Amino acid sequence: MSCILHIETSTNVCSVAVSEDGQCIFSKEDFKGPNHAVSLGTYVDEALSFADSHAIPVDAVAVSCGPGSYTGLRIGVSMAKGICYANDIKLLAVPTLQLMCVPILLREMVEDDALLCPMLDARRMEVYAAVYDRALREVRPTQADVVDADTYRELLDQHPVYFFGNGAEKCMGVIGHPNAHFIPDIHPLAKWMMPLAERRMMNGQYEDVAYFVPFYLKDFVAKMPKKML
């Protein structure tokens, strides 16, 4: 049996969950943010107290590793590292955009050849996005996109593509392709991290607690064309 504490702070939403053998047994979420500095410590204390009161030892901490907000990720990763050091347990890193696909696969009926495009909002018509197939294999890696009618046309000409996340809303009026589908109200949440964290634990994909750093959105800035800045 395995018990994992999950921490997600990559956007304005702060969330914490505990899973045991792939089932969520505790979950707290704050959508009023960004309140990570206020909410996260309280939620983590409640989660660890819940596990302790049920005599369930925590085996690992999973943290959303970005891309995402610099401040949010820094707070979440610092908390995760502190718990791992204090309890001598393992650290797991879950990519933010990949975890956003989990509720789509669990709750939506999508075609066998459909592609999933989670988006995080940036400035103007800019988003940070990746593209996955239904097996969560990476079709296109995370990158900064300036969205217009042709940005995803090559993919849309061949597949139905589902866009979601806080960057997708502003793209609805721009991407008019018949194969484009938009799903509202999808947030990266700790309770959706479980299948990805369990897979990493099963494969022994642990992070070095001392040296691990998340994937900040600011890491894209140096790579952006000047017209995007």
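This is a short tour of a predicted model, one selection at a time.

**Stop 1: the largest pocket**

Start with the open space in the fold. Rolling a probe the size of a water molecule over the atoms shows where empty space is left. The largest pocket holds about 290 Å³ of space. Select Gly 165, Asn 166, Glu 169, Ile 186 and His 187: of the 17 residues lining this pocket, these lie closest to its centre. What kinds of residue make up the lining of the largest pocket? Ten are nonpolar, five are polar and two are charged.

**Stop 2: Thr 11**

Keep Asn 166 on screen and add Thr 11, since the next contact list links the two. Thr 11 sits in the loop that runs between strand S1 (3-8) and strand S2 (14-20). Is Thr 11 buried or exposed? Thr 11 counts as buried, because its relative accessibility is 10%, and the cut-off for buried is under 20%. Setting aside neighbours within four places in sequence, Thr 11 is in contact with His 36, Leu 120, Asn 166 and Pro 188. Now add Leu 73 and draw a distance: the C-alpha atoms of Thr 11 and Leu 73 are 8.2 Å apart, although 62 residues separate them along the chain.

**Stop 3: His 36**

From Thr 11, step across to His 36, one of its contacts. His 36 belongs to helix H1 (residues 36-53) and counts as buried, at 5% relative accessibility. Which backbone oxygen does the side chain of His 36 reach? That of Thr 9, at 3.3 Å. Leaving out neighbours within four places in sequence, the contacts of His 36 are Thr 9, Thr 11, Asn 12, Val 13, Cys 14, Gly 72 and Ile 75.

**Stop 4: the cysteines**

Cys 14 was among the contacts of His 36, so select Cys 14 next. Cys 14 is buried, at 0% relative accessibility. A disulfide is a covalent bond between the sulfur atoms of two cysteines. How many disulfides does a search of the whole structure find? The search finds zero. Why is Cys 14 not bonded to Cys 24? The closest cysteine sulfur to that of Cys 14 is in Cys 24, and at 15 Å the two are too far apart for a bond. Now move to Cys 171, which is in no disulfide either: its nearest cysteine sulfur, in Cys 117, lies 8.3 Å away. Cys 171 also counts as buried, with 0% relative accessibility.

**Stop 5: two aspartates**

Select Asp 133, in the loop between strand S7 (126-132) and strand S8 (138-146). Asp 133 is buried, with a relative accessible area of 15%. Its side chain reaches the backbone nitrogen of Ala 135 at 2.9 Å. Not counting residues up to four places away in sequence, Asp 133 touches Ala 114, Leu 115, Leu 116 and Val 139.

Then go to Asp 208, in the segment after helix H6 (194-202). Asp 208 is partly exposed, with a relative accessible area of 44%. The side chain of Asp 208 reaches the backbone nitrogen of Ala 210 at 3.0 Å. Add Leu 92 as well: Asp 208 and Leu 92 are 116 residues apart in sequence, yet 9.2 Å apart in space from C-alpha to C-alpha.

While you are here, colour the buried residues of H6, which are Met 194, Leu 196, Ala 197, Glu 198, Arg 200 and Met 201. Just after H6, look for Gly 204, where phi is positive, at about 70°.

**Stop 6: backbone details**

Finish with the backbone itself. Most residues other than glycine have a negative phi, and most peptide bonds are trans.

- Ala 55 is not a glycine, but has a positive phi of about 55°. Find Ala 55 in the loop between H1 and S4; it is exposed, with a relative accessible area of 67%.
- Asp 88 has a positive phi of about 55° and is not a glycine. Look for Asp 88 in the loop between H2 and strand S5 (90-94), where it counts as exposed at 72% relative accessibility.
- Gly 66 and Pro 67 are joined by a cis peptide bond, with omega about 10°. Pro 67 is in the loop between strand S4 (60-64) and helix H2 (70-87).

Technical notes:
Residues are numbered from 1 along each chain as its sequence is written. This is a predicted model: local features need pLDDT of at least 70, side-chain atom pairs count only at pLDDT 80 or more; totals for chains, interfaces and linings use all residues. Side-chain values use heavy atoms; hydrogens and water are left out. On a 1 Å grid over the protein atoms alone, a cavity is a set of points where a 1.4 Å probe fits but cannot get out, and a pocket is an open set with protein on both sides within 12 Å along at least five of seven lines; lining residues have an atom within 4 Å of a point. Grid points are joined across faces, edges and corners, and a volume is the space filled by probe spheres set on the points. Ala, Val, Leu, Ile, Met, Phe, Trp, Tyr, Cys and Pro count as nonpolar, Asp, Glu, Lys and Arg as charged, and the others, Gly among them, as polar. Helices (H or I, at least four residues) and strands (E, at least two) are DSSP runs, numbered from the N terminus. Buried means under 20% relative accessible area, exposed over 50%, partly exposed in between (1.4 Å probe, protein chains only). A polar contact is a pair of N or O atoms within 3.5 Å; within protein, one must be able to donate a hydrogen and the other to accept it, and residues adjacent in sequence count only if both atoms are side-chain atoms. A disulfide is a pair of cysteine sulfur atoms within 2.5 Å. Contact means heavy atoms within 4.5 Å.
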